[in-house]
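Reader: I have a structure on my screen and would enjoy going through it with you. Shall we take it one question at a time?

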Amino acid sequence: MALTPELAARLKRNPDGLVPAVVTDASTGAVLMLAWMDDHALELTLSTRKATYWSRSRGEYWVKGETSGHTQHVREVRLDCDGDTLLLTVDQTGGACHTGDRTCFDADLLLAEEDAQ
């Protein structure tokens, strides 16, 4: 699959040319992380099935797991109805978070379900 001109025209990018990508685990449905993609990162992801993102902090592309071994094989990529968010479903190997946690949302629970009384 390639990033066609028609698909590229539907993307609503932020002022930096990026679209947020929500990444979920194919086997559990858990939200693993939020990353950013530009057209090139999306094109690489679609053509290789290796999750490729734009690192805002490093100012460079990164293929998830290239250095850590914590890879993401992309099963599915969806575009939301507004064209401003991507949803990736992946097979995650190792932790998804750069801290080594399974997800980037493991650290801080801000609000939990109340106990039923």
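Reader: Is Arg13 buried or exposed, or in between, and what is its relative accessible area?
Author: Happy to start there, and please keep in mind that this is a predicted model. Buried would mean under 20% relative accessible area and exposed over 50%. Arg13 falls in between and is partly exposed, because its relative accessible area is 33%.

Reader: Which residue forms a salt bridge with Arg13?
Author: The closest N and O atoms of this pair are 2.9 Å apart. Arg13 sits in the loop between helix 1 (5–10) and strand 1 (19–25), and its partner lies in helix 2 (residues 39–48), 26 residues apart. That partner is partly exposed, at 27% relative accessibility. The residue is Asp39.

Reader: Good. Which parts does the salt bridge of Asp25 and Arg102 tie together, and how many residues apart are they in sequence?
Author: The two side chains meet with an N to O distance of 2.4 Å. Asp25 lies in strand 1 and Arg102 in the segment after strand 6 (86–92), so the bridge ties together parts that are 77 residues apart.

Reader: Which of Asp25 and Arg102 is buried?
Author: The cut-off for buried is under 20% relative accessible area. Arg102 has 36% relative accessibility and therefore counts as partly exposed. The other side of the bridge has a relative accessible area of 3%, so the buried residue is Asp25.

Reader: How many salt bridges does the structure hold?
Author: Besides those we have discussed, one can point to Arg78 and Glu76, with the closest N and O atoms 2.8 Å apart. Arg78 is partly exposed at 47% relative accessibility, and Glu76 is partly exposed with a relative accessible area of 33%. For the structure, the number of salt bridges is five.

Reader: Let us turn to the interior. Which element supplies the largest share of the largest nonpolar core?
Author: This core has 21 residues, and Met37, Tyr53, Leu86 and Leu88 touch the most other members. Helix 1, strand 1, strand 2, helix 2 and strand 6 each supply at least two residues. The largest share is four residues, and it comes from strand 2.

Reader: How many residues of strand 2 are buried?
Author: In soluble globular proteins, nonpolar side chains tend to be buried together. Strand 2 covers residues 31–37. One of its residues, Val31, counts as partly exposed because its relative accessibility is 38%. The strand is mostly covered, and of its seven residues the number buried is five.

Reader: Which residue of strand 2 is the bridge partner of Val22?
Author: Strand 1 and strand 2 run antiparallel and are joined by six bridges. They form a hairpin with five residues between the strands, where Gly29 has a positive phi near 80°. The bridge partner of Val22 in strand 2 is Leu34.

Reader: About how much accessible area does the nonpolar patch of Val31, Leu34 and Phe105 have?
Author: Members of such a patch need over 30% relative accessible area, and Val31 passes with 38%. Together, Val31, Leu34 and Phe105 form the patch on the surface, with an accessible area of about 290 Å².

Reader: One last point: which residue other than glycine has a positive phi near 65°?
Author: Most residues other than glycine have a negative phi. The residue you ask about lies in the loop between helix 2 and strand 3 (52–55). At 42% relative accessibility, this residue counts as partly exposed. Its name is Arg49.

How values were computed
Residues numbered from 1 in each chain as written. Predicted model: local features only at pLDDT ≥ 70, side-chain atom pairs only at ≥ 80, totals over all residues. Heavy atoms only, no water. Patch = residues over 30% accessible without salt bridge, like charges linked within 9 Å, V, L, I, M, F, W, Y side chains within 5 Å. Areas by Shrake-Rupley, 256 points an atom, 1.4 Å probe, with all protein chains shown as cover. Salt bridge = Lys/Arg side-chain N within 4 Å of Asp/Glu carboxyl O. Buried < 20%, exposed > 50% of the residue type's maximum accessible area, 1.4 Å probe, protein only. Core = buried A, V, L, I, M, F, W, Y, C linked by side-chain atoms within 4.5 Å. Pairing = 2+ DSSP bridges.
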